[in-house]
Amino acid sequence: MRRILFLGLLLLAYSNIVVSQSDILGRKISCKIKQKSIPEILKEIESKAGVSFNYNLKIIPDGKYNLNAKNEELNVVLVKLLTPHKLVFSLLYGNYIVINKSEKTDKFTISGYVFDETSGEKLIGVTVYNVYDLKNTTTNQDGYYSLTLNSDSVKIRFSQYPFVSKSFSLLLNNNMKLNVEMKENPLILPAFRVTSGPENQINHKPDEINLSSRNMKRLPFLFGETDVLKGLQLLPGISSGNDGTIGLNIRGGGPDQNLILLDDVPIYNPSHIYGFFSVFNSDVIKDVKLLKGGMSARYSGRLSSVIDVRTKDGNNKKITTQISAGLLSSKLTIDGPLGKNKKTTFILSGRRSFFDLFYDLYSDKNIFKSINPLRTGYYFYDANGKINHAFSDKHQIAFGFYVGGDNVFIRNSFTLKDPEKVIKEKDAQNVFWGNRVYSFRDHHVWTPKISGRLNISYSNYNFGNKSNYEYSESNDSVQLENSYNYEFESIIRNSIASYHLEAKVFDWLNVKSGVGGIYHQFERRIFSSDKIINQTKTENRISNAMEMNAYGEMLIKIRRNVEINAGLNASRFNLATNSYNLYQPRFSANYKLSKSMNLHAGYQKTNQFLHLLTSTNSGMPLDLWLPSTDKIKPEQSKMLSGGINFAKGDYIFNLEAFNKTMDGIIEYKDQANYIGSDVDWENKVTTGKGIAYGYEFLAEKRNGNTQGWISYTLSWNYRKFNDINGGKMYPYKYDRRHNFAFFVNHNFNRKIDASLSWVFTTGANYTLPEQVYYIGSGLSPQNVIYVYGERNNFKFPNYHRLDFGINFKKYHKRYYRIFSIGAYNVYNRLNPFYITPAYNQSGDRIFEAVSLFPVLPSINYKIQF
Amino acid sequence: MFACKREIIVDIPNREASLVVDSEISPDSFIKVKLSRTQNITDNNPPKIPFNCLIEVMDKDTGILDVLTDMGKGVFASNFLKPSAGKTYLFRITADSRTYWVNERMPDSLKCKVMDTSRIIFQGKQNFYQFTLDLEDQSNRGNYYGLRLKRHYKQFAGTDTTIISEWVTIESLDFLLTENPATRFSNRHLLFNDKYFGNMTANLKFGANGLFGKSNERTYLLELYVSSYSESAYNFYTSLNEHLFYQNDPFSQPTLLKGNISEAFGAIVGSYTQVFKFEFN
């Protein structure tokens, strides 16, 4: 017992020493010294910080130096002064600091996982750094970090908004493992966090935006659903398509140029209800990362951006259930641990719209049902699931799935019975689309410095339509029957395998590399049968393509304030006898000008082997993904971006500029329209160029009860095709000169918070007829022919909209619930969805604007236990 | 779900008006050409007629055949000249102090015969009226054809009777009539070519639904128009059908009419049409 007491006191004494050491080095000082020798500077620091330096004059270089510090910690000031001269410092005892020549010392690696204390979810993007020398890293997408430091006493701090920072003072004399749990700070809840490093954001990347599950809850919602892709539309450099759609046009690119990944698997159509909602259920999303420039070499396959969505692994503390009901859909989510050792966790979530059920209820009461047997409806559904097992801290596997779809249908059933005959008629028409994703992931920490990840996945995107007709007529002597069926379906299947390695080669060099392959299968099925003429037609066309890529990238910390990321992605695409080999260099650099100011620059070359042929410009689902062929080559893009960011207290200001060129992008030729088939598609499209450039500004307040941001983008976006617009350059349909967004969230107290957003963008471009003439006899509308001007010759009226939402939370012992009310388009701005020539009641030609969404109030109720 | 429509003012620039030429010439009538001008889309007045118009019809070998007479309201017609099948005509049009040229070759004459008509059940449709037509393609070069069906009927409402004539939708599962994707743009003017029956006789089956059986209507005459078209006529009508098909689709690409006159709109196109009449008591 005495021994235990003695050991305890010893430990306490040691920890006190460590704490007092950290207190001394953490003292904040300010100084502005010009042209003085190092001993003179040290003397001045001694007087300001109340410490004593001990050193041999022989190791101190001659010369005069400057030192500026404004309320900075002593250790930061000493690193600034001594590191350039290869001098190191350590606290001897009391307030004595010894300065020595830097010698080769042993280095050890500290590694582990960072978890959310409440749910046990691994946290992505947590900054981990040593307070004494500011060496740092961040947790990767598996929540894993690895930091190599000199053998010494260290103070490791873990920091990520909105969690309370955690620090550990340790004597590092061996490789060690440190798993950390972080607790959410209810007073720090920014809607978006930029990747920030040690307090002064050394790692800040304006091109990269992160959105965690907690932050998503604070975004404005529509029909009780918070949508992650709609939230991203409020950020600079990102504009939306038409009202209500989730298509993102990022830095001049089209919606098909975004690589949307769900747990590393590409999603080809991320929309429900014709783009009204995204397929991402906010209950299962852990983290969303948007890269709009300076893209990592790891990503390839799309021109403009990466939207990397990670799902939760499941709560490893207890089983939790969330049930929510809104105006459009209901959701159920269950997650928790399996087994006693809690090494296995799961999450399951399902969501379904129910306005078709409402319609049925209404129809049942409809007394005219027997007269009007037509039934129309629409529904969407999706289900996510994941099971995660940790064999050890070093080896974990996960299997996940996503299944979702949309279905629009018209059904008609009619029976006529009279004494002479019985007639039965059935008619059904469907339009449907959906994604299926199955993924397996194996994360292995080979050594504290090397970890690897294996991904094997399969995805399937299909869309199609069906039409079935049955007719029968019978009487005592004759029976007539007829049926007609037509089915069209287009499917793209992807079998994907990849392996990624991440290695901390040196404390200043982090290397990532990987290889992968995607086997694409494009299938088109057409089936038709007609009983009367006894004809059945089946067409099944399949083409296969192989896409392979390998990449390597290096994250180099040249000095404490310079960080470079350089990489190369090599891709190969094979379709039949055609093959393309393309190389995509990537580069980005961060330079810390001062404690609160960073410069950033990036270059990326990207390519896209798959082309999207879309039926309309409204983002409807009648889309065909098609491979590059010998005639239609891969799309390519180059982008240069750069910017500066500045932090002041709770505020962050970003200014970015970009210049992007695109080559080989496709567009329907003039006169060519979607005619429901991919036959001969290469002759209907033309390839051309695009150019986009602009400036982005973001001012964000990210602490306190009131948080939010203002974003503004000034940009230009043009297209040029030899076969369109007479070969002349024309503005892209979403060439929005000004794009402004304002978002604010206020916490009134622990139980009530409210958010408000306002967007303003220059109207989209549109091609409208300028003149008319008449063909045939008479002046009726049937004889009117339109004469069009140049492509996209008109702009819609400016788009603006205000959304508002308020959450009322109630915490009980065993559960908590959130009641939300809100409104979309609060002041009922009728933003045009499209404009078309029409005739008024007097028969005069006019222009008519169709708007989708007036003011739309919404409510949602959610309970979690 | 929530959409609403409203009139919106769009600032359309006033572009210079262009010449519009509209004419279908056929061997059974005198040549007639209509001239007009394009106008701003928001201008709801009748189209304006170009100034100082002169239309000369020429033959490549013999020179000027006729100068068309101004009949007023932009219509110019010949008093004696009917075009001949298979012959090429050159039109020189002078309007608004500019000169335009049109070169049009008339289609070959048409040989076709209605073999049968019957009422059948077609795709569950009662009283489907079906025609069986033999169409003889006469030369090795590409020929173009069109089908139209006009219904004349009486509509009764109480003691009132209204006489109505209208083009009706033609339905068919015949491969020769439906293989061309462009046919989807109009079933009231079904256009097809001799791609699969060149220099042979095609047996075509097609018909229309809803011509009979309604208690308040009585069809008393059907007119089947079978036309042979020149290539420019086929292109013009195909693009016209497509233009009208997409005209009210706000998401489609602009579709332009394929005329045969440069720097002006419209066309002078040749056709040869045979009309079959079917009377009903």
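How many bridges join strand β5 (residues 54-59) of chain B to β6(B), and in which sense do the two pair? The pairing is antiparallel, over four bridges. This is a predicted model. The sections below start with the two chains, then take up the sheets, the contact and the cores.

## The two chains

Chain A has 865 residues, and 43% of them count as buried. Its secondary structure comes to seven helices and 56 strands. Take the contacts in chain A with a separation of 6 or more. Of these, 64% link residues 24 or more positions apart.

Chain B has 281 residues, with buried residues making up 37%. It holds two helices and 18 strands. Its C-alpha atoms fill a box of roughly 60 × 55 × 40 Å along the principal axes. For chain B, residues 24 or more positions apart account for 63% of the contacts with a separation of 6 or more.

## A four-stranded sheet in chain B

The opening pair, β5(B) and β6(B), belongs to an open sheet of four strands. The order is β6-β5-β9-β10, and the pairing is antiparallel. Two strands sit at the edges: β6 (63-67) and β10 (98-105) of chain B. Each of these pairs on one side only. On average, neighbouring strands of the sheet are turned by 25° against each other, direction ignored.

One bridge can be picked out by residue. D59(B) has G63(B) in β6(B) as its bridge partner.

## A sheet built from both chains

Strands of a sheet pair through backbone hydrogen bonds, either parallel or antiparallel. Another open sheet takes strands from chain A and chain B. Its three strands run in the order β50(A)-β49(A)-β4(B), with antiparallel pairing. The edge strands are β50 (784-788) of chain A and β4 (39-40) of chain B, each pairing on one side only.

Strand β49 (residues 769-774) of chain A meets β4(B) over two bridges, in the antiparallel sense. Which residue of β4(B) is the bridge partner of V772(A)? The partner is Q39(B). Q771(A), in turn, stands opposite N40(B) in β4(B).

## Where the chains touch

The contact takes 52 residues from chain A and 42 residues from chain B. On the chain B side, β1 (4-8), β2 (19-25), β4, α2 and β18 (265-279) each supply at least two residues. The most comes from β1(B), with five residues.

What kinds of residue make up the side of chain B that touches chain A? They divide into 22 nonpolar, 15 polar and five charged.

## The nonpolar cores

In soluble globular proteins, nonpolar side chains tend to be buried together. The largest nonpolar core here has 63 residues. Within it, V21(B), V33(B) and I268(B) touch the most other members. Helix α2 (residues 231-246) of chain B gives the most to this core, with six residues. Helix α2 of chain B also supplies at least two residues of the side that touches chain A.

V21(B) shows how residues from separate parts of the sequence meet. Leaving out residues up to four places away in sequence, V21(B) touches V33(B), L35(B) and I93(B). On the same count, V21(B) also touches I261(B), A264(B), G266(B), A267(B) and I268(B). Apart from the core that holds V21(B) lies another, of 40 residues. Among its members are I238(A), Y299(A), V306(A) and I307(A).

Terms used
Residues numbered from 1 in each chain as written. Chains lettered and ligands numbered in written order. Predicted model: local features only at pLDDT ≥ 70, side-chain atom pairs only at ≥ 80, totals over all residues. Core = buried A, V, L, I, M, F, W, Y, C linked by C-beta atoms within 7 Å. Buried ≥ 20, exposed ≤ 12 C-beta atoms within 10 Å, placed from the backbone. Contact = placed C-beta atoms within 7 Å. Pairing = 2+ DSSP bridges. Axes fitted to C-alpha atoms, helices over the stretch in contact; angles between N-to-C directions. Nonpolar A, V, L, I, M, F, W, Y, C, P; charged D, E, K, R; others polar.
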